[in-house]
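Thank you all for coming. I would like to walk through one chain with you this morning, and I ask that you keep the display open while I talk.

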Amino acid sequence: SETTRHISEVTRMDIEMGFATEEDTWEVFDGLIPHIYTFVKKNCAEQLEILGIDLKVPKAPFKRISYTDVLEALSKKGLKLKWGEDIPPNGEKLISEIYKGPAIVHGYPSEMKPFYIGIHEKDPKISYGFDLIMGGLEIASGGRRIHDPKIYEERLRAKGLNPENFKEITKFYHLGMPPHSGWAIGVDRLTQIICGLGNVREAVLFPRDVKRLTP
């Protein structure tokens, strides 16, 4: 919790899309992020000038790279990770340097992702989970969701959870749940990147963390 990228109370922007794959949600990234940057550049010019920021609008579509290919690219830069390891903060910075802009990293190992993220039909070691990395920071995570109740409950058990404790959710899956995908953007982290700040606490008016509750 005591890092430059974590706080205890956060603001997020979430979407869920019915009858959609994870790739459909990536197209929303392609439209939304440039729109936010364009809006801020137009309407917050005075504030950006005070901060000394020449805001560049990211070009879409963003790059799509598999987790496996990212590990290979990082290895060539001297950061060697085993398949199945999480990408550390210095790895995220390298990703932004290597790919020169926002990058959607997909195909993460299924063990790294929550129980509700879909598993690849041909290779159960790979999930349909992804992250959006930009400005050297992971600002969003998401994935194709599981909509089959049997698979959903299997994943709960695989993660050491009791499906009985989730029956108020799974009952809707048994009635019928469409294929769906979604993601969540950390608005505080996005603000941090836009403003060129070194700590997410600087992007929040009253940041809450493990050592600060008030003001």
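Let me begin with a side chain and a ring: Lys 113 lies over the face of Tyr 108, and the distance to the ring centre is 4.5 Å. Arg 144 is placed in a similar way, over the face of Tyr 128, at 3.7 Å from the ring centre. Please bear in mind throughout that what we are looking at is a predicted model.

Lys 113 also appears among the neighbours of another lysine, Lys 159, which sits in the loop between helix H5, residues 149–158, and helix H6, residues 167–175. Leaving aside residues up to four places away in sequence, Lys 159 touches Ser 110, Glu 111, Lys 113, Pro 114 and Phe 115. Glu 111 is 48 residues from Lys 159 in sequence, yet their C-alpha atoms are 8.7 Å apart in space. What does the side chain of Lys 159 reach at 3.1 Å? The partner is the backbone oxygen of Glu 111. Lys 159 is nevertheless partly exposed, because its relative accessible area is 29%, which falls between the limits of 20% for buried and 50% for exposed.

From Lys 159 we can step to one of the residues that it touches, Phe 115, and with that to the aromatic pairs, of which the count comes to nine. Phe 115 and Tyr 152 form an edge-to-face pair, with 5.6 Å from centre to centre and 85° between the planes. This pair links distant parts of the chain, given that Phe 115 is in the loop between E3 and E4 while Tyr 152 is in helix H5, 37 residues apart. Are these two residues, Phe 115 and Tyr 152, buried or exposed? Both are buried, and for Phe 115 the relative accessibility is 14%.

Phe 115 has a further edge-to-face partner in Phe 166, at 5.4 Å centre to centre and with 70° between the planes. Phe 166 lies in the loop between H5 and H6 and Phe 115 in the loop between E3 and E4, so this pair ties together parts that are 51 residues apart in sequence. Taken as a cluster, ring pairs link Phe 115, Tyr 116, Tyr 152, Phe 166 and Tyr 173.

Let me turn now to the sheet, which is open and has six strands in the order E1-E6-E5-E4-E3-E2, with mixed pairing. Its edge strands are E1, residues 12–18, and E2, each of which pairs on one side only. On average, and with direction ignored, neighbouring strands are turned by 20° against each other. E1 and strand E6, residues 180–186, pair in the antiparallel sense over seven bridges, and Gly 18 stands opposite His 180 in E6.

Two helices lie across this sheet's strands in ways worth pointing out. Helix H3 lies across E2 and E3 and runs at about 90° to E2, whereas helix H7, residues 187–194, lies across E1, E4, E5 and E6 and runs at about 140° to E5.

Helix H4, residues 89–99, has Gly 91, Glu 92, Leu 94, Ile 95, Ser 96 and Tyr 99 buried. What covers these buried residues of H4 includes helix H3, along with strands E2, E3, E4 and E5. Following H4 comes Lys 100, with a positive phi near 55°, and this residue is exposed, with a relative accessible area of 70%.

That brings me to the backbone. Most residues other than glycine have a negative phi, and most peptide bonds are trans. Besides Lys 100, Phe 19 has a positive phi, near 55°; Phe 19 is placed in the loop between E1 and helix H1, and is exposed at a relative accessible area of 71%. As for peptide bonds, a cis bond with omega of about 0° joins Ala 60 and Pro 61, where Pro 61 is in the loop between helix H2 and E2. Another cis bond, again with omega of about 0°, joins Thr 214 and Pro 215, and Pro 215 lies in the segment after H7.

I will end with Arg 201, which is also found in the segment after H7. Arg 201 and Ile 7 are 194 residues apart in sequence, while their C-alpha atoms are 7.2 Å apart in space. The residues that Arg 201 touches include Ser 1, Glu 2, Ile 7 and Pro 207, and its side chain makes a polar contact of 2.8 Å with the side chain of Asp 209.

Conventions. Residues numbered from 1 in each chain as written. Predicted model: local features only at pLDDT ≥ 70, side-chain atom pairs only at ≥ 80, totals over all residues. Heavy atoms only, no water. Buried < 20%, exposed > 50% of the residue type's maximum accessible area, 1.4 Å probe, protein only. Helix = DSSP H or I, 4+ residues; strand = E, 2+ residues; numbered from the N terminus. Contact = heavy atoms within 4.5 Å. Pairing = 2+ DSSP bridges. Axes fitted to C-alpha atoms, helices over the stretch in contact; angles between N-to-C directions. Polar contact = N/O pair within 3.5 Å; in protein donor to acceptor, adjacent residues only side chain to side chain. Phe/Tyr/Trp six-rings, centres within 6.5 Å; stacked < 30°, edge-to-face > 60°. Lys NZ or Arg CZ within 6 Å of the ring centre and 35° of its normal.
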